[in-house]
Amino acid sequence: MPKVRTNRTQYPDGWELIEPTLRELDAKMKEAETDPHDGKRNKNEISKELFEFCLDQGYGDKNLIAKWKKPGYERLCCLRCMQTRDHNFGTTCVCRVPQNLRDEQAVECVHCGCKGCASGD
């Protein structure tokens, strides 16, 4: 997570409410990557201005969040998994295939380590 320079950045209202949480998440990032992520969605408790500020500072990926809003991409783990140029035969990553359509049961993405981010799972 990028460090915010306090002497050059003007913080919007409400920043002091989420700053400790962001610092804590930064320290626990490796642990959070291995934990299951189902049922841990945001609670819509911050303003749109604060959300945009966090995206501008690099705390979130604008393109990935935009994809999450589209049907079929709600659980997308990273943008690289859906790019056809990065995979064999011009298809998407194996983690984008629903589990009931896979031949193998234990599949892991070679790019990000995802075990399945298809919306049908």
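## How helix α3 packs

The buried residues of α3 pack against α1 and α4 (62–68). Helix α3 itself covers residues 48–56, and its buried set is Leu50, Phe53, Cys54 and Leu55. Just past the end of α3 comes Gly58, which takes a positive phi of about 95°.

Keep in mind that this is a predicted model. Helix α3 is where confidence is highest in the protein chain, at a mean of 88, while helix α2 (residues 29–34) is where confidence is lowest, at 66.

## The chain as a whole

Going along the sequence, the pattern is simply α-α-α-α: four helices and zero strands. The chain has 121 residues, and buried ones make up 25% of them. About 9400 Å² of surface is exposed, with carbon and sulfur atoms supplying 49% of that.

If you take the contacts between residues at least 6 apart in sequence, 43% of them join residues at least 24 apart. As for overall confidence, the mean pLDDT is 78, and 79% of the residues reach 70 or more.

## Aromatic rings around Phe53

Back to Phe53 in α3. Four aromatic pairs turn up in the whole structure. One of them is Tyr11 with Phe53, an edge-to-face pair at 5.8 Å centre to centre, with 70° between the planes. This pair ties together distant parts of the chain, since Tyr11 sits in the segment before α1 and Phe53 in helix α3, 42 residues apart. Tyr11 is partly exposed, at a relative accessible area of 25%, whereas Phe53 is buried at 10%.

Trp15 also pairs with Phe53, again edge-to-face, at 5.3 Å centre to centre and 80° between the planes. Here the link runs from helix α1, home of Trp15, to helix α3, home of Phe53, across 38 residues. Trp15 is buried, with a relative accessible area of 4%. Put Tyr59 together with Tyr11, Trp15 and Phe53, and you have one aromatic cluster.

## Salt bridges

The structure holds two salt bridges. In general, side chains of opposite charge can pair when their charged atoms come close. One bridge joins Glu19 and Arg23, with the closest N and O atoms 3.2 Å apart. Both residues belong to helix α1 (residues 15–27), and because they are four residues apart there, about one helical turn separates them. Glu19 is partly exposed, with a relative accessible area of 26%, and Arg23 is partly exposed too, at 36%.

The other bridge is between Lys62 and Asp56, where the closest N and O atoms are 3.1 Å apart. Lys62 counts as partly exposed at 44% relative accessibility, while Asp56 is exposed, with a relative accessible area of 52%.

## Cysteines without disulfides

How many disulfides does a search of the whole structure find? The count is zero. Cys81, for one, is in no disulfide, and its nearest cysteine sulfur, that of Cys78, is 3.4 Å away. A disulfide needs the two sulfur atoms within 2.5 Å, so that spacing does not qualify. Cys81 counts as buried, at 0% relative accessibility.

What about Cys117? The closest cysteine sulfur to that of Cys117 is in Cys77, 3.6 Å off, which is too far for a bond. Cys117 is buried as well, with 1% relative accessibility.

Key:
Residues are numbered from 1 along each chain as its sequence is written. Side-chain values use heavy atoms; hydrogens and water are left out. A salt bridge is a side-chain nitrogen of Lys or Arg within 4 Å of a carboxyl oxygen of Asp or Glu. Helices (H or I, at least four residues) and strands (E, at least two) are DSSP runs, numbered from the N terminus. Buried means under 20% relative accessible area, exposed over 50%, partly exposed in between (1.4 Å probe, protein chains only). Contact means heavy atoms within 4.5 Å. pLDDT is the predictor's confidence in each residue, from 0 to 100. Accessible areas come from the Shrake-Rupley method with a 1.4 Å probe; for residues, only the protein chains shown count as cover. Rings of Phe, Tyr and Trp (its six-membered ring) pair if their centres lie within 6.5 Å; planes under 30 degrees apart count as stacked, over 60 as edge-to-face and the rest as tilted.
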